[in-house]
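Thank you all for coming; I would like to take a few minutes to walk through one structure, going slowly enough that those who are new to this can follow. Please have a look at it on the screen before I begin.

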Amino acid sequence: MDVLYFAWVRERIGIPKEKVETNAATVMQLVEELKTREERYEVAFSDLSALRVAVDQELTDFDASLEGVREVAFFPPMTGG
Amino acid sequence: MRVVVQEEPFDFGREAQGFATGHSNMGAIVTFTGVVRDADQGGMDRMVIEHYPGMTQKALEKIAAEAVSRWNLGDVLVIHRHGELRQGDMIMMVATASRHRVNAFEAAEYLMDYLKSRAPFWKKEYTADGAEWVAAKDEDEDALSRW
């Protein structure tokens with residue numbers, strides 16, 4: 001699946017987008033998997049209360065299932081308007 | 001219903017005029033425009049708004065459609081910019097049309113509250129001291145609870 005990062009999450013991880021092969025069943029499992037990769041992921045995902053997640057371009061929460069999902073995006077709380 | 005996400009400036013006068021004409025039986029038109037102000041600490045040179053291209057249009061359309069159905073609007077317009085902006089630039093506008101003004105005002109407030117914290121935009125402010133992401137405010141999240 002494609003994993004996207006925006007705003008300071010993108011800056012901390014250092015890339016806007018990557019392809020990830022995973023068997024993670026939920027967003028939370030994917031986060032745990034990414035955190036074990038490298039320190040920059042661990043830093044970016046250290047405080048999940050400061051993060052929001054969208055699955056296939058719909059806002060959801062970290063318990064969301066990844067079954068059949070093509071795109072997951074992580075970003076800070078939005079500041080539109 | 002019209003929802004536009006664009007980098008380039010929009011012509012507020014033309015958009016408002018265009019929106020306000022051509023509706024039958026709509027007694028009230030409300031417009032709101034968001035303008036770039038200085039950073040809280042002052043000295044802002046520019047602001048850059050990042051967004052999530054695949055999601056932004058859909059998220060805005062969903063918010064706008066909800067406003068139309070809840071307040072029985074005759075029409076709604078949302079324009080939101082991204083990219084580089086400077087103080088005084090218009091970031092976004094909403095316009096609502098309804099038979100009576102209460103619905104048009106309320107729907108515009110609803111749109112603004114949801115655009116602030118449910119539309120995938122992120123603002124970064126550049127000052128002489130460096131660049132900082134604008135933090136979401138608790139009160140913006142709290143504002144949603146009244147709807």
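Let me begin with a term that we will need several times: two strands are said to pair if DSSP finds at least two bridges between them. With that in hand, strand β7 of chain B and strand β8, residues 130-133 of chain B, do pair, since four bridges join them and they run antiparallel. I should also say at once that what you see is a predicted model.

Staying with these two strands, β7(B) and β8(B) form a hairpin that has two residues between them, and one of the bridges places B:Lys124 with its partner B:Trp133 in β8(B). β7(B) also has antiparallel bridges to strand β3 of chain B, residues 44-51, and there are seven of them; in that pairing, B:Arg46 has B:Tyr126 of β7(B) as its bridge partner. As a general reminder, the strands of a sheet pair through backbone hydrogen bonds, either parallel or antiparallel.

Both senses can be seen around strand β4 of chain B. Strand β1, residues 2-6 of chain B, pairs with β4(B) in the parallel sense over five bridges, and there B:Gln6 stands opposite B:Arg81. Strand β6, residues 90-98 of chain B, pairs with β4(B) in the antiparallel sense over six bridges, with B:His80 standing opposite B:Met92. Is β4(B) mostly covered or mostly open? Strand β4(B), which covers residues 75-81, is mostly covered, as six of its seven residues are buried.

Now let us step back to chain B as a whole, which comes to four helices and eight strands; read from the N terminus, the elements follow the order β-α-β-β-α-β-β-β-α-β-β-α. The radius of gyration of chain B is 16 Å, close to the 15 Å that the globule rule gives for 147 residues, and therefore chain B is as compact as a globular protein of that length. The C-alpha trace of chain B spans about 55 × 35 × 30 Å along its principal axes, and buried residues make up 33% of the chain's 147 residues.

Turning to chain A, we find an open sheet of five strands with mixed pairing, in the order β2-β1-β5-β3-β4. Its edge strands, each of which pairs on one side only, are β2 (17-19) and β4 (58-60) of chain A, and from one strand to the next the twist averages 25 degrees. Within that sheet, β3 (residues 52-55) and β5 (residues 71-75) of chain A run antiparallel and are joined by four bridges, with A:Arg52 opposite A:Phe75.

How many residues of chain B are in contact with chain A? There are 21 of them, in contact with 14 residues of chain A. On the chain B side, the elements giving two or more residues are α2 (53-71), α3 (101-118) and β7 (121-127), and α3(B) gives the most, with five residues. By class, that side of chain B has twelve nonpolar, four polar and five charged residues.

Finally, the largest nonpolar core has 52 residues, and those touching the most other members are A:Phe6, A:Ala73, B:Ile63, B:Ala67, B:Val78 and B:Leu111. Leaving out residues up to four places away in sequence, A:Phe6 touches A:Ala73 and A:Phe75 as well as B:Glu50, B:Tyr52 and B:Trp122.

Key. Residues numbered from 1 in each chain as written. Chains lettered and ligands numbered in written order. Predicted model: local features only at pLDDT ≥ 70, side-chain atom pairs only at ≥ 80, totals over all residues. Axes fitted to C-alpha atoms, helices over the stretch in contact; angles between N-to-C directions. Contact = placed C-beta atoms within 7 Å. Nonpolar A, V, L, I, M, F, W, Y, C, P; charged D, E, K, R; others polar. Rg over C-alpha atoms; globule rule 2.2 N^0.38 Å. Buried ≥ 20, exposed ≤ 12 C-beta atoms within 10 Å, placed from the backbone. Core = buried A, V, L, I, M, F, W, Y, C linked by C-beta atoms within 7 Å.
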